[in-house]
Amino acid sequence: MRAFGLFLLLLVLGCPSSLPAYDYAKEPDPRNKELVLGVGDIVAVNVWENKDLNTETTIRPDGTITIPLVGDLKAAGETPSALKEQIKKRLTDFVKLQGTEITVAVKDWKSYRFTIQGEVVRQGVFTSSSFVTVSDAIAIAGGPTRFAKQRKVLLFRPVKGAAAPKSIPIDYEALSSGKRLDMNIFVLPGDTIYVP
């Protein structure tokens, strides 16, 4: 954690006074894609006409769930549709599924977590029941303090397979004044917002 803090400080100190050109339109809008399940999410599995196989389960820290007859299945990182297909495939070893429909419903979405650090009223790990934007996330943290350098906010986004996260510059002053609404990108699970 201390190393990450040093990494943040070096990036902020190395930033020039004006933000570099960045194509914010390339950042994803997670509302346009199927939800990806994560640790802590609660899913309900319903096997029509097989009540004994119905279950409600929480995705454990190791990313798995337990389904009657099937046993353990990897659920973290899967969409509900992909998990449904896994369950269907595994259940065919035990029961005939002709005409039987399986549904996977997300009952509680707890894996959407992001971190806000630096000069905000409340630092920490936050969650929401719906996707939030950068301005929403900073508002959830109580907003910037009077000491915040609002022109140099950074969003760090984990990149699969990369050693370091991607750094996205946000001029919060320009964003909050309405001059740069394109910077109000959606916060993804695992993102860190740093307000120096």
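**Figure 1. Helix α2 in the predicted model.** This model is predicted. Helix α2 covers residues 80-91, twelve residues in total. From the first C-alpha to the last, α2 reaches 16 Å. That is close to the 16 Å expected at 1.5 Å a residue. Four residues of α2 are shown here as buried: P80, L83, I87 and L91. Seen down the axis of α2, these buried residues fall within an arc of 70°, so they line one face of the helix.

**Figure 2. The cover over the buried residues of α2.** Which strands cover the buried residues of α2? Strands β1 (42-47) and β3 (64-67) are included in the cover. So are β4 (71-74) and β5 (102-108). P80, L83, I87 and L91 are the residues to locate beneath them.

**Figure 3. The largest nonpolar core.** This core has 24 residues. F114, I116, V134, I170, V187 and I193 touch the most other members. Six elements each supply at least two residues of the core: β6 (113-118), α3 (134-140), β8 (153-157), β9 (166-170), α4 (172-176) and β10 (192-195). Which element gives the largest share? Helix α3 does, with three residues. Another core lies apart from this one and has 18 residues. Its members include L37, V70, L73 and A75.

**Figure 4. Contacts of I193.** I193 is among the core residues that touch the most other members. Its neighbours within four places in sequence are left aside here. I193 is then in contact with T115, I116 and Q117. V134, A137 and I138 are also in contact with I193. So are V153, L154 and L155. V187 completes the list.

**Figure 5. The stacked pair W109 and Y112.** The count of aromatic pairs comes to six. W109 and Y112 form one that is stacked. Their ring centres are 5.0 Å apart, with 5° between the planes. Buried or exposed: which applies to W109 and Y112? Both W109 and Y112 are buried.

**Figure 6. The stacked pair F114 and F126.** The F114 and F126 rings are also stacked. The distance is 6.3 Å centre to centre, and the angle between the planes is 25°. F114 lies in strand β6 and F126 in strand β7 (residues 124-127), so the pair ties together parts that are twelve residues apart in sequence. F114 and F126 are both buried. F114 also belongs to the largest nonpolar core, where it is among the residues touching the most other members.

**Figure 7. The aromatic cluster.** Ring pairs link five residues here: W109, Y112, F114, F126 and F131. The cluster takes in the stacked pair of W109 and Y112. It also takes in the stacked pair of F114 and F126.

**Figure 8. F156 in strand β8.** F156 has its place in strand β8. The relative accessible area of F156 is 1%, so it counts as buried. How far apart are the C-alpha atoms of F156 and T115? They are separated by 9.6 Å, although the two residues are 41 apart along the chain.

**Figure 9. The chain behind the close-ups.** Four helices and ten strands make up the secondary structure. From the N terminus, the order is α-β-β-β-β-α-β-β-β-α-β-β-α-β. The chain has 196 residues, and 39% of them count as buried. Among contacts with a separation of 6 or more, 57% join residues 24 or more positions apart. The chain exposes about 11100 Å². Carbon and sulfur atoms supply 54% of that area.

Note on methods. Residues numbered from 1 in each chain as written. Predicted model: local features only at pLDDT ≥ 70, side-chain atom pairs only at ≥ 80, totals over all residues. Heavy atoms only, no water. Core = buried A, V, L, I, M, F, W, Y, C linked by side-chain atoms within 4.5 Å. Buried < 20%, exposed > 50% of the residue type's maximum accessible area, 1.4 Å probe, protein only. Contact = heavy atoms within 4.5 Å. Areas by Shrake-Rupley, 256 points an atom, 1.4 Å probe, with all protein chains shown as cover. Expected span 1.5 Å × (residues − 1). Arc of directions from axis to C-beta. Phe/Tyr/Trp six-rings, centres within 6.5 Å; stacked < 30°, edge-to-face > 60°.
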